[in-house]
Amino acid sequence: MTTARRKSYGVKGAPYAFLLPATILFALFFALPIGYAFWLSLHKVKVSGLGLGAGARKEVWAGLENYTDALTDNELLDGALRVLGYGAIVIPVMLGLALLFALMLDTDKVRLAPFTRLAIFLPYAIPGVVAALLWGFLYLPDVSPFYFVLDKLGMPQPNLLDGGPLYLALSNIAVWGGTGFNMIVIYTSLQAIPAEVYEAAKLDGATPLQIAVKIKIPMVAPSLVLTFFFSIIATLQVFSEPTTLKPLTNSVSTTWSPLMKVYRDAFNAGDIYAASSEAMIIAIVTLIVSFGFLRAANSRNKQEEAR
């Protein structure tokens, strides 16, 4: 083989060499676990006799039985409905505040902009479990300083850890922690808009409100789609907030969210086969919802470009 041909093969193979480490990591820590979970979801344990002795418990083929049981499980379906209600509060409020803060920071009159950006983003840097513990402390009537102040003022003291207010309590934790990240994404897109666009709008007599509504928001639409996409995935996979608050109230069951039910079945009940089928269903639903949303957003963008 000539030297030139060796160099040619080396140049052609360089991209694959760079991709190899990422491919190995993807296969070991993503593809293989998913494949193993899918394999488990198609099996179950068959118990013979009293389940004692060697060979009394055997792993057998179950086909789609675990999936059928999961889809007809009222606990899993009720958890999905609770997550939908939770998401109906979290997503619009969180993204609305993120957009509002980004627009406010993207003005010439804002003061202490670096400090303000850091202050809004800082809650995102706090782990979800720690944030849930902090807010759980503030929600408990016996130890919360807010309840102490309300009591001294003679004002009503709502129980945020019971009934409908529980959704607001959980949503508040997610909004408090996620707004800063989404704000940074939107704000970065705003900073990428050329200043000439704003100058032309001002020459045409546009007010700051008109610039924000008719120029800034449409131009950061891709960032809004991205943040909405991430928010959907995070909402469907909510776990740490209700799990952390569970010891503080009886209103949060071990199956409050679908992922909590997966955890209970896998580690408390010891049924990893049923838990695997439930996890696969959650993953499939997340994939369908995400793909459907992205496809709808792309179709709308193409229609607008065609106009």
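Angles between helix axes under 35 degrees count as roughly parallel, over 145 as roughly antiparallel, 65 to 115 as roughly perpendicular, and the rest as oblique. The structure above is a predicted model, in which local features need pLDDT of at least 70 and side-chain atom pairs count only at pLDDT 80 or more, while totals for chains, interfaces and linings use all residues. Residues are numbered from 1 along each chain as its sequence is written, and side-chain values use heavy atoms, with hydrogens and water left out.

**Exercise 1. Two helix pairs**

Task: Work out how α5 and α6 are oriented to each other, roughly parallel or roughly antiparallel, and then do likewise for α3 and α10.

Solution.
Step 1. Helices here are DSSP runs (H or I, at least four residues; strands are E, at least two), numbered from the N terminus. Axes are lines fitted to C-alpha atoms, for helices over the stretch in contact, and angles run from 0 to 180 degrees between N-to-C directions.

Step 2. Helix α6 spans residues 145-153, and its axis lies 6 Å from that of α5, at an angle of about 20°. The two are therefore roughly parallel.

Step 3. Now look at the residues that meet: F137, L138 and Y139 on the α5 side, and P145, F146 and Y147 on the α6 side.

Step 4. For α3 and α10 (residues 221-236), the angle is about 150° and the axes are 10 Å apart, so this pair is roughly antiparallel. Their crossing is right-handed (the near helix is turned clockwise from the far one by less than a right angle; anticlockwise would be left-handed).

Step 5. The α3 side of this packing includes V83, Y86 and G87, and the α10 side includes L224, T227 and F228.

**Exercise 2. The largest nonpolar core**

Task: Find which residues touch the most other members of the largest nonpolar core, and which helix supplies its largest share.

Solution.
Step 1. Start with the terms. A nonpolar core is a set of buried Ala, Val, Leu, Ile, Met, Phe, Trp, Tyr and Cys residues joined through side-chain atoms within 4.5 Å. Buried means under 20% relative accessible area, exposed over 50%, and partly exposed in between (1.4 Å probe, protein chains only).

Step 2. The largest core has 21 residues, and Y86, V90, Y139, L166, L170, I173 and W256 touch the most other members.

Step 3. At least two residues each come from α3 (74-105), α5 (128-139) and α7 (165-191). The largest share, six residues, belongs to α7.

Step 4. Another core, of 17 residues, lies apart from this one, and L103, L105, I186 and I193 are among its members.

Step 5. Zoom in on Y139. Beyond neighbours within four places in sequence, Y139 is in contact (heavy atoms within 4.5 Å) with Y147, L160, L161, A169, N172 and I173.

**Exercise 3. A salt-bridge network**

Task: Trace the salt bridges around K261 and D265, and name which residues the network joins.

Solution.
Step 1. A salt bridge needs a side-chain nitrogen of Lys or Arg within 4 Å of a carboxyl oxygen of Asp or Glu. The count by this rule is seven.

Step 2. K261 pairs with D265, their closest N and O atoms being 2.7 Å apart. Both sit in helix α12 (residues 258-268), four residues apart, about one turn of the helix.

Step 3. Check burial. K261 has a relative accessible area of 3%, so it is buried, and D265, at 6%, is buried too.

Step 4. K261 also bridges to E278 at 2.8 Å, N to O. This pair links distant parts of the chain, with E278 in α13 (residues 272-306) and K261 in α12, 17 residues apart.

Step 5. D265 has a salt bridge to R264 as well, with closest N and O atoms 3.1 Å apart. R264 is partly exposed, at 21% relative accessibility.

Step 6. Through shared partners, one network joins D73, E75, K261, R264, D265 and E278.

**Exercise 4. Buried or partly exposed?**

Task: Decide whether S276 and M219 are buried or partly exposed, and list their contacts beyond neighbours within four places in sequence.

Solution.
Step 1. S276 lies in α13. Its relative accessible area is 9%, so S276 is buried; its contacts are A37, L40 and S41.

Step 2. M219 belongs to α9 (residues 208-219). At 42% relative accessibility, M219 is partly exposed, and it is in contact with I193 and V197.
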